[in-house]
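Let's work through a few exercises together. Have the sequence and the 3D view open, and try each task before you read its solution.

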Amino acid sequence: MLLKKNIPLKYVFGKIRFEIMLVAVYSLTINILYYQYDVTNLVIPIAVPMVLGTVLSLLLAFRSNQAYDRWWEARSIWGAIVNDSRSLTRQVLSLMDATYQSEDLTLFQERFVKRQAAWCYSLGQSLRKTDPLKGVDRLLTRRELNYLMKYDNVPAALLLLHGKDLKYALEQGWINQYQQIALDETLSRLCDAMGKCERIKNTVFPATYSLYTHFTLIFFILLLPFALIDVLGFMEIPLVVAIASSFLLIEKMAINLQDPFESKPTDTPVTTISRNIEKDLRQMLHEQYHAPEEAEEKPAYYVL
Amino acid sequence: MLLKKNIPLKYVFGKIRFEIMLVAVYSLTINILYYQYDVTNLVIPIAVPMVLGTVLSLLLAFRSNQAYDRWWEARSIWGAIVNDSRSLTRQVLSLMDATYQSEDLTLFQERFVKRQAAWCYSLGQSLRKTDPLKGVDRLLTRRELNYLMKYDNVPAALLLLHGKDLKYALEQGWINQYQQIALDETLSRLCDAMGKCERIKNTVFPATYSLYTHFTLIFFILLLPFALIDVLGFMEIPLVVAIASSFLLIEKMAINLQDPFESKPTDTPVTTISRNIEKDLRQMLHEQYHAPEEAEEKPAYYVL
Amino acid sequence: MLLKKNIPLKYVFGKIRFEIMLVAVYSLTINILYYQYDVTNLVIPIAVPMVLGTVLSLLLAFRSNQAYDRWWEARSIWGAIVNDSRSLTRQVLSLMDATYQSEDLTLFQERFVKRQAAWCYSLGQSLRKTDPLKGVDRLLTRRELNYLMKYDNVPAALLLLHGKDLKYALEQGWINQYQQIALDETLSRLCDAMGKCERIKNTVFPATYSLYTHFTLIFFILLLPFALIDVLGFMEIPLVVAIASSFLLIEKMAINLQDPFESKPTDTPVTTISRNIEKDLRQMLHEQYHAPEEAEEKPAYYVL
Amino acid sequence: MLLKKNIPLKYVFGKIRFEIMLVAVYSLTINILYYQYDVTNLVIPIAVPMVLGTVLSLLLAFRSNQAYDRWWEARSIWGAIVNDSRSLTRQVLSLMDATYQSEDLTLFQERFVKRQAAWCYSLGQSLRKTDPLKGVDRLLTRRELNYLMKYDNVPAALLLLHGKDLKYALEQGWINQYQQIALDETLSRLCDAMGKCERIKNTVFPATYSLYTHFTLIFFILLLPFALIDVLGFMEIPLVVAIASSFLLIEKMAINLQDPFESKPTDTPVTTISRNIEKDLRQMLHEQYHAPEEAEEKPAYYVL
Amino acid sequence: MLLKKNIPLKYVFGKIRFEIMLVAVYSLTINILYYQYDVTNLVIPIAVPMVLGTVLSLLLAFRSNQAYDRWWEARSIWGAIVNDSRSLTRQVLSLMDATYQSEDLTLFQERFVKRQAAWCYSLGQSLRKTDPLKGVDRLLTRRELNYLMKYDNVPAALLLLHGKDLKYALEQGWINQYQQIALDETLSRLCDAMGKCERIKNTVFPATYSLYTHFTLIFFILLLPFALIDVLGFMEIPLVVAIASSFLLIEKMAINLQDPFESKPTDTPVTTISRNIEKDLRQMLHEQYHAPEEAEEKPAYYVL
């Protein structure tokens, strides 16, 4: 799903191209001032950036940890969505029973399972702030689509339709009271997963933390040439650029990971996961499935 | 919900304005003593603040981690409140059934769902130590309001009303015994979320930790000029101020995050979340909802 | 519940008074040996304590983390006890039903809820190794008190009484079979909370860890004067004392946090929490409650 | 299951043989340039690699933590599979009941339990991308094998068969409605475990993190000779090689741990676990079991 | 249960006696080479061991964390076993009911509860690879002992007997169908606990990690004398020994904690916990209990 290979160096450094150039110009300027204009009282002991480097390392480690946790939590939630979608389908197919397997029940089961696939797509799309129903209409009946018109939150409305259908199945005698509760618990778990995704999407990483880390990083880079210029001469420029790149890349990476639903290449692959769910659910329904050929979600390479 | 942009520098540094000035004055004094009055036997090797810097970095990393965890736990609890409110509403709407959808049941469902919205508001407000019923009366009946008078803990009383209504619904035959238990489990989860919020609100971060970290930080800043003055001369002053700012900002940030229910800009946005819950629940009831225009909770910018 | 303000400096440093004096005397001795008796071949490079300082910082960070986790887990367990006590009361009041609300049932409910409050007090007191029934008799009937005589573990016996009462209620027809199971699950959660408290109480923090950390810390302090004496002269004494204090205070704090049920000021406030639970439960029973005025648990200030 | 002893040194260093040689050649070249061709203006202060060493240590610690967590999570999931397989078998044997223990029921139970063993094997094999049914046919009936043909995801299909059999057992009166739900919940837990394994298998560790860590590590090694050459002369070469090895080995180890389903020696031992499960389940069925002698999974030594 | 006091220094250092002597001899040799034979070109800058010290500190911190987590998880699992044993007993005593409390039921309950105590002992003993039935026969009937003969995994077989007894109780009408499911869920939790213990027991800590950490530590100690000899002369020997001891002790401690079921003094006290469980369960049965006086598990002191 995510390709490990083929991350061009250009891509990696492209992200900090601008910052690298700035740092190069900056350390060149210091160098010229120092050697051409003899502004030599600017030297500071290297121990100063070392103290800053320690606190910066810990800040970046903290940052990376929290960003990774957000990313991994997002991925785990979608893993739980896969599991609960399969369990729901298994329950719909194996708990429900008519005295004779009536055609009505078969249609009902098919509608229910397709609606579950639709729920996954629409959740993924509403997290990315695109039309939650785009491309999903093929999985829903006209009546369901009309019903959804009245709601802002399409996935929540689909779960409500699930709930109403369970009530209908109870009235028809296809499920008993315990089975209704068991299926309803699976719906509650799906509702939980939906809310957790929204929580991650809507809660920004504490901006003050990002900002202070960034300030400390800039301050550290600004000091670096003064600590090295004295000993290294012109060699200072590539060294400063390389050290700055190391730190800047780590910060960039944390920023990329911390928002896992933002349509970036490092995103949680919600559409791919949804498509796999649809395929699995259809196989459980004994339907042949041809994945819709949508090129839109296939960038040249994934970085994550 | 929370704005990323537009955090003015003034705001960021405003928080440590006072401390920065003190540090500047302090290092200036040292400088004058050293160069004007030749009190030059005060120099200490820079390795001493480096050792302190390492332990301080670890203390601040520890502090930041725990503060972030408290903040994220608070946010997760409110995420769970969103989920369970929706699940409760779905259950009330799709599990309850009269032989014919009687008007009584419809009214009952509406009252129940509105009470759930009221619960969210009143929980948020009692966490912030404001009147838990302010602005909530529009969601409750007169009778319910009278009942709540007798209680200190309004949200707990609302859950008790939920429980009593479930008993009533069982007596009316709208739900069966299993459905009552299933709905009661959702109430228990809400009761859990309420208690967890209170736990975070009422448990202060170990004061000794805060204090010791603060002492170590002050001690580190006090030593800094003695370690730098010798090499840097007057350049020492801006350097000391900048390094002190880095550390002070990180401490400030942890202090801000660690109490997520204190009506600060970095707070958990309980009112906004409650309003979203109300909107969702009303849509599920097929009601049109116009959010009350309350300007009070809209500061110029959120920092978090 | 816990006061943030008013931690006198005397209290903070009082805890390490003895150690501070020892360190002062020790570094003074070194100083005298060095300058008076010219024992000058004792100087060691400052890099040696720096390496030790790094490993020590990590050991203390590890220690602080685990101690904080124990403390926070203890607090969370008591938070869960609050939640489950409320849920149990709500279930007892709203699930139980007589064909007409008989007086017997009302008395039964009151006895049940008061016994739950008694359970909280007796658990807190047995964790602190005081008489679990002290002051609790006002919440229990004579018959229950007789029953408890036969048990070492009073809280476990109270849960057994809860269970027996549920069986009685089933026989009386006040609850049905599902409701019995639902209530029994709440009892199992309370039983879990009790066992978790006992686990934290009975499991000491690995003594080897504490010991090795302490040894490394002492060794670090012993080396410090030799590394500083050469450069700093008499200024070495206050510096060594201050650095040693930083490290000693952090260790002290971890030791305080790691045993949260030891009747120290940094303890989990089990009696206060129990009193709040009693108040809440009584309000749910519509009883007026006057807290017993027990001065014993009100020290001049809490440090945590 | 995993041997601690007998990890030959050759194996340990064999993994970084190539890198070690490169480093040796590189530092030799620097040495020759310095001493033979007097390119002596290349010296950099050792503080520069020290700052990089700190950030690198933190990156590697972060990396190790996340890799260990993935590995341990994978192991825990398979632990849960063991537990739920046993619980499922216990439930099948002790919950199901015919008015008289009919032969049909006995056959049904045996088929069910063997299918559970087959599920474990097929899950392990499909995680390793080998034929999920290889060697599993001895545990399944011809009819089941035919049914599985239609599915891509064999383990999911086996769970569906479990579900269908529960429905059949309900129709036969061997289980009641509650027992069906209780067994179905166990199936949902197994479905969860399956999905969690797939999540770990399909989610690569963020490639950018791996890459940036690797870049920083290379950069650190490249700088090392310049910092040491001046003081150490030819002794620099073994030192650089040894330090580089320490860091490279830690990175290698994290890479090995982070993908726990890749048929490497450090893998989660899915086949061994499955075989143990089969043995346990057969004993519960009172069957004598002779493990199939498959030599394929017995390498000379396990490294993990 | 675990004694904090009285860990003799001899014990602490006894564990690394051999390593300490080696280090002393080694640094003495270096010293002699340096001062007697003037092999003085061996000096390396102290910054080199400092870099290694940082990475080593982080490796040891990682190691300590994971080892502590394993130990604490093991302790928590046994805590859960205590809780579930009590809950199971409460359920057996308070859920089961005969129309009149028949003697058969009383005997059945007693057999059931004693079997639960036997389960705890046998689990503890099979984790320590001793005879799982040793000393347990007094808690089981002859018939049960015969049944267990056929099983390798005795605790799993005891849970199966629990399950069969529940079926028997259902047939006798002592429990209803919901109660059977509720009790079976408790059995599933016990089965989970058992499997988790086996997972910790059977999964070795990644051997590569242990090995690399050990290599880095040895390399660090080997370098130490070269960095200190120049400045310190003969004082180098005690310093190197002391620093090496600090690091070696931390490694030792992690190794001790990471395998919590290995009959070491730092073990999880499974026999003591089992004995406490038996005492509690017997009191719940209103039986007087005299603990069997087994001296075998009482060493002179516990270290953990």
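**Exercise 1.** Is D:Asp84 buried or exposed?

*Solution.* Before we start, a word on the model: it is predicted, so local features need pLDDT of at least 70 and side-chain atom pairs count only at pLDDT 80 or more, while totals for chains, interfaces and linings use all residues. Residues are numbered from 1 along each chain as its sequence is written, chains are lettered from A and ligands numbered from 1 in the order in which they are written, and side-chain values use heavy atoms, with hydrogens and water left out.

Step 1: get the cut-offs. Buried means under 20% relative accessible area, exposed means over 50%, and partly exposed is in between (1.4 Å probe, protein chains only).
Step 2: apply them. D:Asp84 has a relative accessible area of 5%, so buried is the right word.
Step 3: look at its partner. D:Asp84 forms a salt bridge with D:Arg189, with the closest N and O atoms 3.1 Å apart. (A salt bridge is a side-chain nitrogen of Lys or Arg within 4 Å of a carboxyl oxygen of Asp or Glu.)
Step 4: place the pair. D:Asp84 sits in helix H3 (residues 47–95) of chain D and D:Arg189 in helix H7 (residues 177–202) of chain D, so the bridge ties together parts 105 residues apart in sequence. Helices here are DSSP runs (H or I, at least four residues), numbered from the N terminus.
Step 5: check the arginine. D:Arg189 is partly exposed, because its relative accessibility is 33%.

**Exercise 2.** Which parts of chain E does the salt bridge of E:Glu278 and E:Arg138 link?

*Solution.* Step 1: find the bridge. The side chains of E:Glu278 and E:Arg138 meet at 2.7 Å, N to O.
Step 2: find the ends. E:Glu278 belongs to helix H10 (residues 270–284) of chain E, while E:Arg138 is in the loop between helix H4 (103–127) and helix H5 (142–149) of chain E, 140 residues apart.
Step 3: rate each end. E:Glu278 is buried, with a relative accessible area of 1%, and E:Arg138 is partly exposed at 37%.

**Exercise 3.** How many residues does each of chain E and chain D give to the contact?

*Solution.* Step 1: count. Chain E gives 59 residues and chain D gives 60 residues, where contact means heavy atoms within 4.5 Å.
Step 2: get the area. About 5,400 Å² is buried between chain E and chain D, and carbon and sulfur atoms give 68% of that. (Buried area is the accessible area, with a 1.4 Å probe, that two parts lose on being put together, summed over both.)
Step 3: pick out the top trio. E:Arg199, E:Tyr209 and E:Tyr212 supply 12% of the area that chain E buries against chain D, more than any other three residues.
Step 4: look for charge pairs. The rule finds 3 salt bridges across this interface, and E:Asp184 meets D:Arg90 in a salt bridge at 3.2 Å, N to O.
Step 5: find the helices. On the side of chain E that touches chain D, helix H3 (47–95), helix H6 (154–172), helix H7 (177–202) and helix H8 (207–232) of chain E each supply at least two residues. The largest share, 17 residues, comes from H7(E).

**Exercise 4.** How many disulfides does the structure hold over all chains?

*Solution.* Step 1: know the rule. A disulfide is a pair of cysteine sulfur atoms within 2.5 Å.
Step 2: count. The total over all chains is 0 disulfides.
Step 3: check one cysteine. E:Cys120 counts as buried, because its relative accessibility is 0%.
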